[in-house]
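Please look over the model shown here. The report that follows takes the chains, cores, surface and charged pairs in turn.

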Amino acid sequence: MTAPEEGTGGSLSAADVRVRVPRRPASWGSKVRWTRHAIQGAVVAVVGWQAVGHVTSGGESAEAWCPLGGFESLWTLITTGRTVPHVHTSSLVLSVTVLVLALVGRGFFCGWLCPMGTVQEMVHAAGRAVTDRVPPLRRLRRRLERRAGTGRWARIDQSLRWGRWVVLAWAIIGGAVTGTMVFREADPWIALLLVAEFEFSLAFVVLIATLVLALVIERPFCRYACPLGAVQALAGKLSPIAVQRDASACLDCDLCNQACPMAIPVNTRTRVTDTSCTGCLECVGACPSKNGLAVTLAMPNFRSRVATTTGTESDRQTESELEIAR
Amino acid sequence: MRSPSRDSHGDATPASARELIIPAGRHPVPTQTRLRTRRVPVAMYVAALLVLPALIVAGFMSAGLWATKGTSITAQAGSGTGSGTGSGESSAEDGTGDVAPAAPADVRGSMTVKEVADAFPPLTAAQILTQFKAPPNTPGTTQLKDLVEASDGMDIPALRIWIQTQLKPQT
C-alpha cells in the first residue's frame, strides 16, 4: 500500500520521500452529502408540516419542538418547578436530547438535524447557483473567497464568533432574571416559524439579515449568534468522537478546508475538536485520500501518555513502512 | 465561503488511479495523539446518532414526560403519575395536550377558558370572559391568547394576578 519511491535525484532523502496512499472513491463524498441532505430535508419537512398545521388548523406550535427553550427555562425550572412561557415539556426533553447528542456526537445535531442550519445551507446553495451563472458575481465571490481566510477578514470572523457566547449568556441570564424567553424576541427561527403571522419585529430583522448573509457566508447564524450551538460546543468538548487527520496520508491539498462550512482549517488539526465543528463530514467527503480524514472514537489510553494513532492493521503497517523509509 | 473546486479532487492523479502520491517536499509523519483512537464507519456514526435521540425522546414519552402544549413540569408530572397536584388533570389522554394549571402562575395563553375555569373553582368561564371584555357567548374552547389579542389591555400575567386575588379568600 505504502511504498517509498526515489526522489527525482535518485537519492532517498527525507525531503524527497514520495509515498503512495490509497485513494478514496470519488463518489463517496457525494453519498455522505446526499445522505445528510436527505435527513435534513426530512427534519425540515416534519417541522414545516407542524408549522403549517399550527397556522391553518391551530395545531400545536412547532415552537414546542425547539430545544433552546429548555436551556432558557433552566433557572426558572430549578427554582420554581415551572417553565417560562412558550416552553413545554417537549422543549425540556429535546434540550436533554440535544445535550446527550452533543456529549456523544459533538456537533452532529447542527450539521445533520438543525432545520435553521438547513435553511441557511439552502440559501447559500441558491446564492452559489446564481453567482455561478453571472460572471461578474462569480468573479466578486471568488475575490471575496480569496480574501476571506486571510488578514483583516479572518480577524473579523474570529472576533464575531464570540457572539455565540454573548448570545448564550444573554439568553440564559435574561431568562433567569426576567422569567421569560428574552432571546425569543430576536430568534430568527421563531420568526421563520411564524412567518405566516407576519409581524415586523427584531426577530424578523435578524432572520432577514441571516438569510442575506447566508448568500455569501455559510451558516452565518450558526457561526456568529446561535446560542444552541454554543451549548453544544461546551458539551461537545467532552465528546469522544471527532474527525481525525492522519498526517501520514494527508496530501495537504486544502480541499478539506475549502469544504468546511464553518471555515475550520482542518489540515492544521490532528483531531478536529473546534467548538464550531458541526460534524457534517464535508471535510471527510472532500478528502481524496482514503486514510487522510476519518471519524474516530477516542478511548482512554492507560499505556502511554503519547501514542501513535492506532487505526486499522494497515495503518500500523503504514507507520512502520514510513519509519523504514525515513 | 468555499471554493468552487470542492467537488473535485484537485490533484494531478488520473481519476481512475487507486492511489495518490504525497508531493515531494512534504513530510509524511504518522499522526501523534495522546489518545487511543479507533476508526468509526461513517454509516455507523450516522445511524447511532440518529437512533440515540429517537430512543431518548421515546423514553421520555413512555414516562409521560412529553407535552407540546402545557404548563409546569410539576403539574405535568403530577397528572402523569395520577397523584395530581390539586386539580392537575390532563385534558388529553395521549399526553400531548394541555395540562390543567395547578396554580395561577401555570396559566398559559394556549389554555382554553374552560380549562382555566375548571381548574380554579369557583371561578366561572363567564367571569374570565368578563375580564377580557369578551362577549358572554364566546365558546369555552377559545384559547386565552385569542382573547388577549381581542382584548384591550388584558394579558396573561394580569389574568394570573386576578385569579390569585379571587382565590385568596378561600386559602
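## Exposure and the nonpolar patch

A residue is buried under 20% relative accessible area, exposed over 50%, and partly exposed in between. The model is predicted. At a relative accessible area of 38%, A:Leu213 is therefore partly exposed. A:Leu213 sits in helix 11 of chain A.

A:Leu213 also belongs to a nonpolar surface patch of about 750 Å². Its other members are A:Val130, A:Val134, A:Leu137, A:Leu140, A:Leu144, A:Ile208, A:Val212, A:Leu215 and A:Val216. Two elements of chain A give two or more residues to the patch: helix 7 (135-148) and helix 11 (202-214).

## Chain B in outline

Chain B has six helices and three strands. Along the sequence, the pattern runs β-β-β-α-α-α-α-α-α. Chain B has 171 residues, and 40% of them count as buried.

Take the contacts in chain B between residues at least 6 apart in sequence: 51% of these join residues at least 24 apart. The exposed area of chain B is about 9,000 Å². Carbon and sulfur atoms supply 58% of that area.

## Nonpolar cores

Which residues have the most contacts inside the largest nonpolar core? They are A:Trp112, A:Val266, A:Leu281, A:Leu293 and B:Tyr45. This core has 51 residues.

A:Trp112 touches residues of both chains. Its contacts in chain A include A:Val32, A:Arg36, A:Ile39, A:Cys280 and A:Leu281. In chain B, A:Trp112 touches B:Tyr45 and B:Val46. Another core, of 20 residues, lies apart from the largest one. Among its residues are B:Val116, B:Ala119, B:Met154 and B:Ile156.

## Salt bridges

How many salt bridges does a search of the whole structure find? There are nine over all chains. One of them joins the side chains of A:Glu121 and A:Arg36, at 3.0 Å from N to O. A:Glu121 lies in helix 6 (residues 115-133) and A:Arg36 in helix 1 (residues 26-57) of chain A, so this pair ties together parts that are 85 residues apart in sequence. Both partners are buried. A network of salt bridges links A:Glu121 and A:Arg36 with A:Arg33, A:Arg219 and A:Glu282.

A:Asp157 forms a salt bridge with A:Arg223, with the closest N and O atoms 3.4 Å apart. A:Asp157 lies in helix 8 (residues 151-160) of chain A and A:Arg223 in helix 12, so the pair ties together parts that are 66 residues apart in sequence. A:Asp157 and A:Arg223 are both buried. Chain B offers a local case: B:Asp118 and B:Lys114 form a salt bridge, with the closest N and O atoms 2.9 Å apart. Both lie in helix 3 (residues 113-119) of chain B, four residues apart, about one turn of the helix. B:Lys114 counts as partly exposed because its relative accessibility is 47%.

## Charged residues in loops

Is A:Glu218 buried or exposed? A:Glu218 is at 4% relative accessibility, so this residue counts as buried. A:Glu218 is found in the loop between helix 11 and helix 12 (220-224) of chain A. The C-alpha atoms of A:Glu218 and A:Met122 are separated by 9.7 Å, and the two residues are 96 apart along the chain.

A:Arg184 is in another loop of chain A, between helix 9 (163-178) and helix 10 (188-193). A:Arg184 counts as buried because its relative accessibility is 18%. Leaving out residues up to four places away in sequence, A:Arg184 touches A:Glu63, A:Glu72, A:His86, A:Ile190, A:Leu194 and A:Ala203.

## Cysteines

A disulfide is a covalent bond between the sulfur atoms of two cysteines. The structure holds zero disulfides over all chains. A:Cys250 is in none, and the nearest cysteine sulfur, that of A:Cys256, is 6.1 Å away. A:Cys250 has 13% relative accessibility, so this cysteine counts as buried.

Why is A:Cys280 too far from A:Cys260 for a bond? The cut-off for a disulfide is 2.5 Å between the sulfur atoms. The sulfur of A:Cys280 is too far because the closest cysteine sulfur, in A:Cys260, is 6.1 Å away. A:Cys280 also counts as buried, at 7% relative accessibility.

Conventions: Residues are numbered from 1 along each chain as its sequence is written. Chains are lettered from A and ligands numbered from 1 in the order in which they are written. This is a predicted model: local features need pLDDT of at least 70, side-chain atom pairs count only at pLDDT 80 or more; totals for chains, interfaces and linings use all residues. Side-chain values use heavy atoms; hydrogens and water are left out. Buried means under 20% relative accessible area, exposed over 50%, partly exposed in between (1.4 Å probe, protein chains only). Contact means heavy atoms within 4.5 Å. Accessible areas come from the Shrake-Rupley method with a 1.4 Å probe; for residues, only the protein chains shown count as cover. Patches are made of residues with over 30% relative accessible area and no salt bridge: like charges are joined within 9 Å, nonpolar side chains (Val, Leu, Ile, Met, Phe, Trp, Tyr) within 5 Å. A salt bridge is a side-chain nitrogen of Lys or Arg within 4 Å of a carboxyl oxygen of Asp or Glu. A nonpolar core is a set of buried Ala, Val, Leu, Ile, Met, Phe, Trp, Tyr and Cys residues joined through side-chain atoms within 4.5 Å.
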